[in-house]
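This briefing goes through a single protein chain, from its overall form to one helix and two loop residues. Please keep the sequence and the structure in view while reading.

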Amino acid sequence: MNLTFFFDENAAGNPYFHYIYHSIYNRFIALYPEFNIKHKQPESGYQSAPGGMSNFQIINDDNNKTIVMSFWDRGMDVFQQGLGWEEYQIVQYIGGLGLYLNSNQIKETYNIDHIPYQYPLGVPHSYDYVDELRTEYNPENKIRKAVFIGAVYGVRKELEPWFKNHPLIDWFDGNAGIGGRDYFNKLKDYRIALSLNGNGEFCLRDLEAMGLNIPIVRSEILTPFYNPLIPDYHYIKATEPCDEACYVYRNIPIKTLAEQFIYQIEKNIDDFNNLTKIANQGYHYFDNYSRPDYIIDLFFKLVKTNNLL
């Protein structure tokens with residue numbers, strides 16, 4: 001086969017996407033010397049489109065059949081018209097976040113083989129920071145609050161008045177200027193990490209907190225993962241899933257949403273047994289399933305090269 005690997009060789013500065021993409025590409029060359037394999041660099045980095053930094057494609061040049069692997073927050077974009085995906089005959093779709101259809105429904109609706117995947121960290125040195133700063137979880141040694149650190153926009157902006165002045169929540173928006181190692185160092189000091197939908201349903205904040213052995217309070221996750229993230233086991237469920245696994249809660253009024261988050265924080269803040277259980281189970285999930293080498297090996301377990309024939 002003549003195969004083109006279509007991905008941003010720089011991964012727009014995400015070092016772990018970069019490592020995963022190049023590792024898969026180089027391993028394919030080693031495993032399949034009979035294939036003619038080349039790389040194509042995208043001209044545009046629009047996230048939702050082919051060539052976006054979160055998307056990785058293997059294209060059979062002889063018949064245009066394509067395998068897509070995606071870390072993109074809005075994974076349903078692959079099925080949208082007008083973004084460029086219609087130019088390819090997609091025969092397998094690995095991953096994608098923000099999916100409100102399961103694999104069987106995707107097969108029935110779009111006739112594409114889909115399988116859930118896993119997601120890595122994204123900020124440079126993140127794995128170094130979580131491994132350096134993580135300690136055994138002991139809620140007695142943590143600040144008796146939940147913490148949110150991040151950019152405030154969309155639904156977060158609507159929730160801000162409810163959370164910003166609550167006595168059990170510390171709220172640090174983008175103006176606080178907390179980044180890099182300082183971000184991880186601050187996050188680790190709290191009993192609970194508050195995770196709110198942002199650009200999509202799933203957030204790097206989830207993995208960052210899990211990597212630091214900090215329990216998360218968040219909405220139930222609708223997006224499927226290869227290794228399921230289980231509510232009230234890997235994280236504390238505050239609300240029902242966001243409608244259509246989106247970043248906008250169309251199905252829950254803001255007041256209700258805020259009250260449900262606050263209820264779970266108040267309920268759990270001094271429940272040392274539950275906090276410790278969730279923290280440890282979340283960390284084991286991160287350590288087993290969210291590191292780049294595992295994600296690379298999983299790709300080769302899941303990819304169906306014969307689909308390209």
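The expected span of a helix is taken as 1.5 Å times one less than its number of residues, and helix H8 is examined below against that rule. The model is a predicted one, and its chain contains 9 helices and 11 strands.

**Overall form**

- For a chain of 309 residues, a compact globule would be expected to have a radius of gyration near 19 Å, and the value computed for this chain, 20 Å, agrees with that expectation.
- The C-alpha trace extends over about 60 × 40 × 35 Å when it is laid along its principal axes.
- Of the contacts that link residues at least 6 apart in sequence, 68% are between residues at least 24 apart.

**Surface, burial and charge**

- Buried residues account for 57% of the 309 residues in the chain, where buried stands for a relative accessible area under 20%.
- The accessible surface amounts to about 13200 Å², and carbon and sulfur atoms contribute 46% of that surface.
- The chain carries 27 positive and 38 negative charges, and the mean positions of these two sets lie 4 Å apart.

**Helix H8**

- Helix H8 covers residues 272–289, and its 18 residues should span 26 Å at 1.5 Å a residue; the C-alpha atoms at its ends are 26 Å apart, which agrees.
- The buried residues of H8 include Asn274, Leu275, Ile278, Ala279 and Gln281, together with Gly282, Tyr283, Tyr285 and Phe286.
- An α-helix has 3.6 residues a turn, so residues three or four places apart point the same way.
- Among the elements that cover the buried residues of H8 are four helices or strands from one part of the list, namely helix H3 (126–133), strand S9 (190–194), helix H6 (204–211) and strand S10 (216–218); strand S11 (236–237) and helix H7 (254–268) are also included in that cover.

**Two asparagines with positive phi**

- Asn111, a residue other than glycine, has a positive phi near 55°, and it is found in the loop that runs between helix H2 (103–110) and strand S6 (113–115).
- Because its relative accessibility is 55%, Asn111 counts as exposed, the cut-off for that class being over 50%.
- Asn213 likewise has a positive phi, of about 65°, although it is not a glycine, and its place is in the loop between H6 and S10.
- Asn213 is buried, because its relative accessible area is 6%.

How values were computed. Residues numbered from 1 in each chain as written. Predicted model: local features only at pLDDT ≥ 70, side-chain atom pairs only at ≥ 80, totals over all residues. Heavy atoms only, no water. Rg over C-alpha atoms; globule rule 2.2 N^0.38 Å. Buried < 20%, exposed > 50% of the residue type's maximum accessible area, 1.4 Å probe, protein only. Contact = heavy atoms within 4.5 Å. Areas by Shrake-Rupley, 256 points an atom, 1.4 Å probe, with all protein chains shown as cover. Lys, Arg positive; Asp, Glu negative; His and termini not counted. Charge placed at Lys NZ, Arg CZ, Asp CG, Glu CD.
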